[in-house]
Amino acid sequence: MNTALSTLAEDALRQMQQLHQAHVRLLTSLAPAPGTLPALPSAPQFGHLGQWQELITQSVTRQMQSCQAMMRLAAQPRLDASLFTESLAIQAAVMQRLATQQAQWLEGLQAIAAEAASVKKVNTLSKLMDQESDLYARFNALLASQATATMELIESVQISVGYLVAQKEEE
């Protein structure tokens, strides 16, 4: 059982490191190369890149620390079944929330598809542009809400695991 938990934790850690590296590469590719753009008083379009990188780094660090703490607890000689029970409860809650998010995603897509199917034939470009823009705006809003919900889920799991680890370390 310890081997399975260790493998699971190592896989999660490796995936989080790969995610962090991918984000760093993405953020780096978005920033202009030195000397390619004239100096601007401030570049607001790139102002949040540092914040994105900092928050992603913090999230990955928390995830790695949680995995290491869980491995440390699981490897202790006094095997505590409640650790596994509570870990499974967290996993079940995550799966339930992901299922809910997936259902909301599908409902949103179906609503957008239904609206797209009911788009009226128009005779001006401005009306067509208005209808199409509305569809794109609804899709972007759905995408943003799903991304936000996923980030909230990740943060919630990190807090839950951190609380569980702190609780078990006090025992």
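This is a short guided tour of the structure above, one selection at a time.

**Start with the whole chain**

Keep in mind that you are looking at a predicted model. Show the protein as a cartoon and colour it from one end to the other. You should find four helices and zero strands, so nothing but α appears in the pattern α-α-α-α read along the sequence. The protein has 171 residues, and 20% of them count as buried. Look also at how the chain meets itself: among contacts between residues at least 6 apart in sequence, 78% join residues at least 24 apart.

**Select residues 125-170: helix 4**

Next, pick out helix 4, residues 125-170. Helix 4 has 46 residues and reaches 67 Å from its first C-alpha to its last, close to the 68 Å expected at 1.5 Å a residue. Now show its buried side chains, among them Leu-135, Leu-142, Gln-146, Ala-149, Leu-153, Val-157, Val-161 and Leu-164. What do the buried residues of helix 4 pack against? Bring back the neighbours and you will see that they pack against helix 2 and helix 3. Notice that the buried set also includes Gln-158 and Lys-168.

A general point helps when viewing any such row of side chains. An α-helix has 3.6 residues a turn, so residues three or four places apart point the same way.

**Add residues 49-74: helix 2**

Helix 2 covers residues 49-74. Its 26 residues should span 38 Å at 1.5 Å a residue, and its end C-alpha atoms are 37 Å apart, which agrees. Buried residues of helix 2 include Leu-49, Ile-56, Val-60, Cys-67, Met-70 and Leu-73, and the polar Ser-59, Gln-63 and Ser-66 are buried as well.

Now turn the view until helix 2 and helix 4 are both clear. Two packed helices are described by the angle between their axes and the distance between the axes. For helix 2 and helix 4, the axes come within 10 Å and cross at roughly 35°, and the crossing is left-handed. To see what fills the contact, show Ser-59, Arg-62, Gln-63, Ser-66, Ala-69, Met-70, Arg-72 and Leu-73 on helix 2, together with Ile-154, Gln-158, Val-161, Leu-164, Val-165, Lys-168 and Glu-169 on helix 4. By class, this contact has seven nonpolar, four polar and four charged residues.

**Zoom in on Glu-169**

Glu-169 is found in helix 4. Is Glu-169 buried or partly exposed? With a relative accessible area of 43%, Glu-169 is partly exposed. Leaving out residues up to four places away in sequence, Glu-169 touches Arg-72 and Leu-73. Try a distance label between the C-alpha atoms of Glu-169 and Leu-73: they are 7.7 Å apart in space, although 96 residues apart in sequence.

**Add residues 81-117: helix 3**

Helix 3 takes in residues 81-117. It has 37 residues and reaches 54 Å from first C-alpha to last, close to the 54 Å expected. Its buried residues are Leu-83, Phe-84, Ser-87, Ile-90, Val-94, Gln-101, Gly-108 and Ile-112.

Look first at where helix 3 meets helix 2. These two pack at an angle of about 145°, with their axes 10 Å apart, and their crossing is left-handed. Met-70, Leu-73 and Ala-74 of helix 2 make the contact with Leu-83, Phe-84 and Ser-87 of helix 3. By class, there are five nonpolar, one polar and no charged residues here.

**Three stops along helix 3**

Begin with Ser-87, which is buried with a relative accessible area of 14%. Beyond its neighbours within four places in sequence, Ser-87 is in contact with Met-70 and Leu-164.

Move on to Gln-101, also buried, with a relative accessible area of 6%. Which residues does Gln-101 contact, leaving aside its neighbours within four places in sequence? They are Gln-146, Ala-149, Thr-150 and Leu-153. Show the side chains of Gln-101 and Thr-150 to find the polar contact of 3.1 Å that joins them.

Finish at Ala-111, another residue of helix 3. At 32% relative accessibility, Ala-111 counts as partly exposed. One last distance label shows 9.5 Å between the C-alpha atoms of Ala-111 and Arg-138, which lie 27 residues apart along the chain.

Methods:
Residues are numbered from 1 along each chain as its sequence is written. This is a predicted model: local features need pLDDT of at least 70, side-chain atom pairs count only at pLDDT 80 or more; totals for chains, interfaces and linings use all residues. Side-chain values use heavy atoms; hydrogens and water are left out. Buried means under 20% relative accessible area, exposed over 50%, partly exposed in between (1.4 Å probe, protein chains only). A polar contact is a pair of N or O atoms within 3.5 Å; within protein, one must be able to donate a hydrogen and the other to accept it, and residues adjacent in sequence count only if both atoms are side-chain atoms. Contact means heavy atoms within 4.5 Å. Axes are lines fitted to C-alpha atoms, for helices over the stretch in contact, and angles run from 0 to 180 degrees between N-to-C directions. A crossing is left-handed if the near helix is turned anticlockwise from the far one by less than a right angle, and right-handed if clockwise. The expected span of a helix is 1.5 Å times one less than its number of residues.
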